[in-house]
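Got the viewer open? Let's take a short walk, one selection at a time.

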Amino acid sequence: MAERSSLSATGLSGARLSGAGVAHALRLEGVSRHFGALVALDAVDLEVTAGERRAVLGSNGAGKTTLFNAITGDFPPTAGRIQFFGEDVTSLPVHERIRRGLRRTYQHSLLFRGLSVLDNLYLAVRGVSRGRYSFRRPRRDDAALRSARELVHLVHLDHVAGTVVANLAYGQQRQLEIGMALAGAPRMVLFDEPAAGLSARERRELIEILRSLPRHIGYIIIEHDLDVALRVVDRVTMMHNGRIFKEGTPGEIENDPQVQQIYLGGGHG
Amino acid sequence: MASISDDRARAAAPGAAVERAPLRLPKGWAYLPLALVLLTFPLYANGFWIVQIGAYSMILGIIALSLMFLAGYGGMVSLAQMSVAGCAAYFFAILGHSSAEAISLGWSAWLTLPLSLLIATAFATMIGLLASRTAGIYTIMITLAIAVAFFYFTRQNYDLFNGFNGFAQVEPPHFFGLDWRQPLPFFYLTLVVSALCYAAVVYLRRSTFGLTVQALRDNQRRMRALGYHVTGHQVAAYAASGFMAALGGLLLVWLNTRISPGTIGVGPVIDILIIAVLGGLRHPIGPFVGALAFVLLDNFAIDLIDRERFNTVIGLCFLAVVLFSPDGLLGLWEEARAALTRERRPRD
């Protein structure tokens, strides 16, 4: 019940989320990213439907995080085209893509360490709403502040809402990272190794949080822990050397001999 | 118990927490004695102490406060705050009345005052536009370069800035039937402006804008990933702090009744940084504490050591503070308080 009310107030159940009329939430066509002579992404084609939950798996250096950076605009692609809900966002700056409903978390938590948990979430909500330059203090009944409090609850951080982020445990910082990605009215979230460094209990909590997200929010998750990744997604995309080489359901991917060879260590054995 | 209530308070109000625990300065009524001392200061002090120590400290404090807002909250160390203050002072002289009648336009103070504030704020905004393309040491370098360029420009331009001579007889406007040049009114005018600037920074820190400025300090990449236009917020921070510095600049020109390139040279530019760091960048009261210490040293170092050695004295003080208390004189206060608390605890 509490979560349901949270979702409504944080905008997670907003009407614009469905992407009605657009077949693909995200479409990448021939996206490449070069760093000098290094080809981090090589002509990647990817389609993710609205509300779909996708895992992107691959060994270290496969290009997974670079793919996220290309999608969000942190490192724009050197070639190719990116469409988000039918709109070409290839040349848009990061903040414009975010305002269109794209969110992400980072492999290493990027948080405002000098501010409290509530401040972080308040800023996350405010970032995609009006009043970003307001010289006024938010009132107690401010909608953004209310949403931030509900996000605090959603990511199970009520007991540390006033704690400065620098003083949080690592697992709590990861939970906050997820909360910040869910602020506003996200249409698609990119989770970059959200389970990295978490204890078994924290991983269970993470799975619970991901599963409790409304179905209309699609997400792509990069995760090395297959126990987490395969339990929270509909489809899996495998990457190797900057290319996509296989797609399928979690069951198909788990039993694929080529995947086992490359990703699960068979090739190194 | 205290920590629980503190947590609740922070949870209720964003911005209540900073990475290092906020300085635990007295709150509310505890400031009453300080307010009384300041309000009654002119009753038991002579003109020199009222103006040259009291008012001058507050003016430097306002300009340093503008730097504290940028550097302490926003992580943007700008060395051009004195230049912004000087810009306001110059344009008050150019648009209003001064001894350089061929240049000064002689407009009414009611027009000159807001216009000079506006021009100086625009100048600060332009500095922000340039400086926001840099970070860390490069921000310091580019703002220093702007400050030096502005200094040389005013010194070499005679058509607008009257070159080396600058402007003399620049007096505050007469309003409410008072001569604001007189020590008493000027002291209270400075006190009111200082209090307003201090209150504005305290208020802004917990406003949405203030939170975004602190977030800029912590993580600009995350700011972008939340949908913020980082450059826009940086420039807005420069503009807000520039307005404050401009207020300080107007008071400064009214105090000295003159403005010349010497007021905005490299020395005064660095002095503002010294004052802010000396006092402490973690709390808006820091720049005022630093300014008072600076002005006292400036005036009385001659009694301790040769007048020419003032820079050695202030340099040594600066070094000592940076080495032993990175949080400035306010940090020393906190350490002393913590030490006293530790001493008392066993008896409790």
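## A walk through two chains

Start with chain B, and keep in mind that this is a predicted model. Of its 348 residues, 52% count as buried.

**Stop 1: colour chain B by secondary structure.** How many helices and strands does chain B have? You'll find 14 helices and 0 strands. Trace chain B along its sequence and the pattern reads α-α-α-α-α-α-α-α-α-α-α-α-α-α.

**Stop 2: switch on the surface of chain B.** The accessible surface adds up to about 16000 Å², and carbon and sulfur atoms account for 66% of that. Now look at what touches what inside the chain: taking contacts in chain B with a separation of 6 or more, 75% come from residues 24 or more positions apart.

**Stop 3: move over to chain A.** Here the make-up is 10 helices and 10 strands. Chain A has 269 residues, and 57% of them are buried. Its exposed area is about 10700 Å², with 50% supplied by carbon and sulfur atoms. For contacts in chain A between residues at least 6 apart in sequence, 68% link residues at least 24 apart.

**Stop 4: colour chain A by pLDDT.** The average is 86, and 89% of the residues reach at least 70. Then select residues 1-9 of chain A: the pLDDT there is below 50, and the model gives this stretch 15 contacts beyond near neighbours in sequence. Next, pick residues 13-19 of chain A, where pLDDT also stays under 50. For residues 13-19, the model has 18 contacts beyond four places in sequence.

**Stop 5: pick out a sheet in chain A.** Select S2, S1, S4 and S5: these 4 strands line up in that order as an open sheet, with antiparallel pairing. Why do S2 (38-49) and S5 (87-88) of chain A each have one side without a neighbour in the sheet? Both stand at the edges with a single partner strand each, so one side of each stays free of a sheet neighbour.

Zoom in on the S5 end. S4 of chain A covers residues 79-84 and pairs with S5(A) over 2 bridges, in the antiparallel sense. Show the residues as sticks and you can find Phe84(A) opposite Glu87(A), which belongs to S5(A).

**Stop 6: finish on helix H4 of chain A.** Select residues 117-126. Is this helix mostly covered or mostly open? Mostly covered: 10 of its 10 residues are buried. Click along and you'll meet buried residues including Val117(A), Asp119(A), Tyr122(A) and Arg126(A).

Note on methods: Residues numbered from 1 in each chain as written. Chains lettered and ligands numbered in written order. Predicted model: local features only at pLDDT ≥ 70, side-chain atom pairs only at ≥ 80, totals over all residues. Heavy atoms only, no water. Buried < 20%, exposed > 50% of the residue type's maximum accessible area, 1.4 Å probe, protein only. Contact = heavy atoms within 4.5 Å. Areas by Shrake-Rupley, 256 points an atom, 1.4 Å probe, with all protein chains shown as cover. Pairing = 2+ DSSP bridges. pLDDT = per-residue confidence, 0-100.
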